[in-house]
Amino acid sequence: MRLDYSGPLPETIGFLLLPRFSMMAFFAAVEPLRIANRISGKPLFRWLLISEDGQPVTASSGMTLVADHSILDIRSLPSLAVCSGFEPEAHLNRALAGWLNRLDAGGCVLGGLDTGCFLLAAAGLLNGERVTLHWESLPAFRERFPAISTSDELFELGARRFSCAGGAAAMDMALDVIARRHGTALAVDVSEQLVHDRMRTRTDQQRMTLARRLGTHKRQLVDAVALMEQHLDTPLSLEELARRCRISLRQLQRLFEQELATSPRAWYLRLRLERARHLLKETDLDILSIGLSSGFTSSSSFSRAYRNHFGHSPRAER
């Protein structure tokens with residue numbers, strides 16, 4: 001999905017499928033290309049399914065796709081999308097990292113769908129690049145690769161790299177590529193075939209607005225939760241939250257109890273523990289580091305809170 005493709009048609013895009021990849025992201029990327037071929041009446045795109053050993057790959061949904069090639073069969077490609085899901089780095093080894101680096105050296109544009117950028121980063125292929133991932137995986141990626149620039153956009157298209165947040169964002173990225181290559185009119189026609197009500201730009205938000213997620217439009221409550229989400233590693237006191245929202249501590253507590261049926265302290269703790277859970281599942285950071293990055297002052301206080309909330313220890317989670 002390179003920006004400057006000017007080679008022969010059909011344009012070939014490789015999809016590296018890793019165990020437990022996101023089927024939704026994969027299909028959302030491929031279907032717009034298929035429909036573009038049909039509407040235009042010409043083979044504008046073709047895609048190759050690649051697995052490390054050439055064997056079928058099972059997605060996180062339990063569905064299995066048959067690969068066209070193993071990595072040993074492929075020596076060059078215009079573009080390659082790394083499709084992964086849970087625990088992406090668990091599938092990176094020396095042979096796969098070497099193959100990705102050889103493709104890069106040969107001019108291949110590399111990208112990641114959903115969590116695919118974890119592999120590319122671990123292989124040393126994202127230095128100096130700006131990427132995006134699924135909103136749930138972004139905190140873990142930022143902890144694991146702090147030197148790599150990230151965004152919370154739907155997708156990023158650069159000269160040598162591309163990335164998207166997965167899910168429906170892969171469709172938006174594919175539509176953007178179709179529009180760049182073959183005109184906006186074709187991209188709109190493809191979007192309508194997909195019953196996609198509008199072509200979202202990369203700067204559209206990944207998540208619903210906070211007000212919609214909370215089911216309330218009470219400005220002070222929305223502001224308080226937003227502040228909590230912005231300060232998970234160094235939690236603000238409830239007094240400071242109330243002060244920044246320009247209400248009293250009693251009013252803050254009443255808002256949470258009336259609108260969210262919980263206390264602000266319990267809500268804040270849940271947010272921090274959920275962040276910790278994502279880091280435990282998606283990074284190899286040690287437990288103390290994860291606790292500290294989630295606002296706990298010691299591993300014992302972190303483990304105690306985690307066990308009380310989830311019913312098991314952080315070590316058992318991992």
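In which sense do β7 and β11 pair, and over how many bridges? In this predicted model, where local features need pLDDT of at least 70, side-chain atom pairs count only at pLDDT 80 or more, and totals for chains, interfaces and linings use all residues, β7 and β11 pair in the parallel sense, over four bridges. Two strands are said to pair if DSSP finds at least two bridges between them, and the elements themselves are DSSP runs numbered from the N terminus, with helices (H or I) of at least four residues and strands (E) of at least two. Residues are numbered from 1 along each chain as its sequence is written, and side-chain values use heavy atoms, with hydrogens and water left out.

Within this parallel pair, G111 stands opposite F162 in β11. Strand β11, which comprises residues 161-164, also pairs with β10 (residues 155-157), to which three bridges join it in an antiparallel run. In that pairing E156 has S163 of β11 as its bridge partner, and the two strands form a hairpin with three residues between them. The side chains of β11 divide between two directions, since R161 and S163 point one way whereas F162 and C164 point the other way, and all of them are buried, a term that here means under 20% relative accessible area, with exposed meaning over 50% and partly exposed in between (1.4 Å probe, protein chains only).

The backbone has some features that deserve separate attention. D114 lies in strand β7, which spans residues 109-114, and its phi is near 60°, a positive value in a residue other than glycine. With a relative accessibility of 11%, D114 counts as buried. A positive phi is also found at A261, where the angle is near 55° and the residue is again other than glycine. A261 is placed in the loop between α10 (249-260) and α11 (264-282), and because its relative accessibility is 71%, A261 counts as exposed. A cis peptide bond, with omega about 0°, joins L9 and P10, and P10 itself is located in the segment before β1 (11-17).

Turning to the annotated region, UniProt lists residues 222-318 in an unreviewed entry as "domain: HTH araC/xylS-type"; UniProt positions are given in the numbering used here, feature names are shortened, and annotations may be inferred rather than shown by experiment. Over residues 222-318 the chain is 72% helix and 0% strand, and the C-alpha atoms at the two ends are 32 Å apart.
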